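Biologist: I have a predicted model on my bench screen. Please take one part of it and walk me through that part closely.

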Amino acid sequence: MNTINQMKNMVVLRNLPSNIIEEAFVILKPNKKVRIINTKEDTEEKSGDYIIKEAEMIITNYITDVDKENRIKNNTIKQIEHKYKKLKKINTVISILFAITIIFGILVK
């Protein structure tokens, strides 16, 4: 009996537009009333859909947040690599110039 009550408060989402998530189990809060302000016909058609739509929206927002974090990490890594290559080139040029000044200093004496 207890598992049947739990199943009533759960929605399973499948075929989500995600490369990461195959299925999602959404557990609904107990005793929450949702007010839908629509015509009577729309309410009858969409009475069960609003739960699924809200769950899909929450999961989609989570996926986009995770993707944003991954993109930010990738961008910072690329920026660091770019700065490293730039500093490496500058260091090489400065080292060559330093060697040339030492050689000219020895030749001038």
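What follows is a close look at one helix and its surroundings.

Biologist: Please look closely at helix α3 (residues 49-108). Which residues does α3 share a nonpolar core with, and which residues make the nonpolar surface patch?

Modeller: Start with the setting. The model is predicted. The protein has 109 residues. Three helices and two strands make up its elements. Read from the N terminus, their order is α-β-β-α-α.

Now confidence. The mean pLDDT of the protein is 76. Of its residues, 70% reach 70 or more. Helix α3 has the highest confidence, at a mean of 87. Helix α2 (residues 40-46) has the lowest, at 52. Read α2 with that value in mind.

Next, the core. The largest nonpolar core holds seven residues. They are Val11, Leu13, Ala24, Val26, Ala55, Ile59 and Ile63. Strand β1 (10-14), strand β2 (23-27) and α3 each give two or more residues to this core. The biggest share comes from α3, with three residues. Burial is limited across the chain as a whole: 8% of the residues count as buried.

Then the patch. Val93, Ile96, Leu97, Ile100, Ile103, Phe104, Leu107 and Val108 make a nonpolar surface patch. Its area is about 830 Å². Take Val108 as one of its members. Val108 lies in helix α3. Is Val108 buried or exposed? Val108 counts as exposed, because its relative accessible area is 72% and the cut-off for exposed is over 50%.

A general tendency gives some background. In soluble globular proteins, nonpolar side chains tend to be buried together. The patch sits on the surface instead.

Finally, the whole chain. The protein exposes about 10,500 Å². Carbon and sulfur atoms supply 59% of that area. Contacts add one more view. Among those between residues at least 6 apart in sequence, 38% join residues at least 24 apart.

To sum up α3: this helix gives three residues to the largest nonpolar core, and Val108 of the surface patch is placed in α3.

How values were computed
Residues are numbered from 1 along each chain as its sequence is written. This is a predicted model: local features need pLDDT of at least 70, side-chain atom pairs count only at pLDDT 80 or more; totals for chains, interfaces and linings use all residues. Side-chain values use heavy atoms; hydrogens and water are left out. pLDDT is the predictor's confidence in each residue, from 0 to 100. Helices (H or I, at least four residues) and strands (E, at least two) are DSSP runs, numbered from the N terminus. Patches are made of residues with over 30% relative accessible area and no salt bridge: like charges are joined within 9 Å, nonpolar side chains (Val, Leu, Ile, Met, Phe, Trp, Tyr) within 5 Å. Accessible areas come from the Shrake-Rupley method with a 1.4 Å probe; for residues, only the protein chains shown count as cover. A salt bridge is a side-chain nitrogen of Lys or Arg within 4 Å of a carboxyl oxygen of Asp or Glu. Buried means under 20% relative accessible area, exposed over 50%, partly exposed in between (1.4 Å probe, protein chains only). Contact means heavy atoms within 4.5 Å. A nonpolar core is a set of buried Ala, Val, Leu, Ile, Met, Phe, Trp, Tyr and Cys residues joined through side-chain atoms within 4.5 Å.
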